[in-house]
Amino acid sequence: MSRSERRKAKTAGAILDAAELLFRQGGYQETTIDDIAERADVSVGSVYVHFENKAGLYLALVERALDLNEAAMAAVGDLGLSSPLERVFAAGDAYLNFHLEHPGAFQMIALRALGPPSGVSEVEARIADRAQQLVDAVEADLRAAIEAGEGRSDLDATRLMRFLWGSWNGVIAMTLREDHLRIDNAELQRTLEVGRSLVSDGLRADAPRR
């Protein structure tokens with residue numbers, strides 16, 4: 001990558017970081033291009049050089065968030081786990097780490113918390129398509145675990161995956177609440193550990209159930 005390309009990428013990254021922060025703080029509709037330029041310490045014209053408009057900037061943020069999520073989940077494959085059930089639990093850990101390391105990205109694609117632009121169907125479609133690929137990969141490991149005897153034979157992998165995905169997102173969402181039900185990241189991890197233990201015990205029950 002040339003110096004010019006590195007400089008361009010750095011500027012685009014600064015604009016994306018600024019937009020993500022401001023969208024989290026004030027929402028998409030209330031944030032202006034001027035606000036983003038000021039936060040990124042660039043000119044308004046520079047924002048438009050890199051991104052066509054605010055909706056285009058949001059789409060770029062979505063793509064970046066999806067890339068980060070996929071990278072976090074792909075790291076499970078590098079662990080060399082032979083047990084498909086252990087890969088499922090490792091995927092849950094990776095998803096949690098994605099939230100902890102990139103909370104803005106997580107909120108954007110998992111919780112839709114940044115107020116996406118109305119009328120931009122590409123946003124929801126893109127998130128849904130790529131999220132489905134990740135869900136399918138974990139579901140495949142669940143199915144392999146059941147077929148290998150690591151999980152009860154009466155369990156439906158698709159329904160179990162829906163439960164797990166919903167549980168992961170639901171518990172993580174509690175860190176964003178503004179009432180007494182809000183939990184911090186330390187409590188989030190402890191809560192997910194309890195859930196993991198319960199799911200593990202339920203999956204590995206010895207008696208077959210038909």
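**Helices around the largest pocket of a predicted model**

The lining of the largest pocket receives at least two residues from each of three helices, namely H5 (84-101), H8 (157-173) and H9 (185-203). Here a pocket is an open set of points, on a 1 Å grid over the protein atoms alone, where a 1.4 Å probe fits and where protein lies on both sides within 12 Å along at least five of seven lines, and lining residues are those with an atom within 4 Å of a point. The structure is a predicted model, in which local features need pLDDT of at least 70 and side-chain atom pairs count only at pLDDT 80 or more, whereas totals for chains, interfaces and linings use all residues. Residues are numbered from 1 along each chain as its sequence is written, and side-chain values use heavy atoms, with hydrogens and water left out.

The volume of the largest pocket, taken as the space filled by probe spheres set on the points, which are joined across faces, edges and corners, is about 420 Å³. Its lining consists of 19 residues, and Trp168, Leu192, Glu193, Gly195 and Arg196 are those that lie nearest the centre. Helix H9 contributes the most to this lining, with eight residues. Sorted by class, the lining holds 10 nonpolar, six polar and three charged residues, where Ala, Val, Leu, Ile, Met, Phe, Trp, Tyr, Cys and Pro count as nonpolar, Asp, Glu, Lys and Arg as charged, and the others, Gly among them, as polar.

The chain as a whole has nine helices and zero strands, the helices (H or I, at least four residues) and strands (E, at least two) being DSSP runs numbered from the N terminus. Along the principal axes, the C-alpha atoms fill a box of roughly 65 × 45 × 30 Å. Of the 210 residues in the chain, 40% are buried, that is, under 20% relative accessible area with a 1.4 Å probe and protein chains only, while exposed means over 50% and partly exposed lies in between.

Confidence is expressed as pLDDT, the predictor's confidence in each residue on a scale from 0 to 100. The chain has a mean pLDDT of 88, with 92% of its residues at 70 or more. Among the elements, the lowest mean pLDDT (83) belongs to helix H6 (residues 103-111) and the highest (96) to helix H2 (residues 33-40).

In the loop between H2 and helix H3 (44-50) is Asp41, which has a positive phi of about 60 degrees although it is not a glycine. Asp41 counts as exposed because its relative accessibility is 70%.
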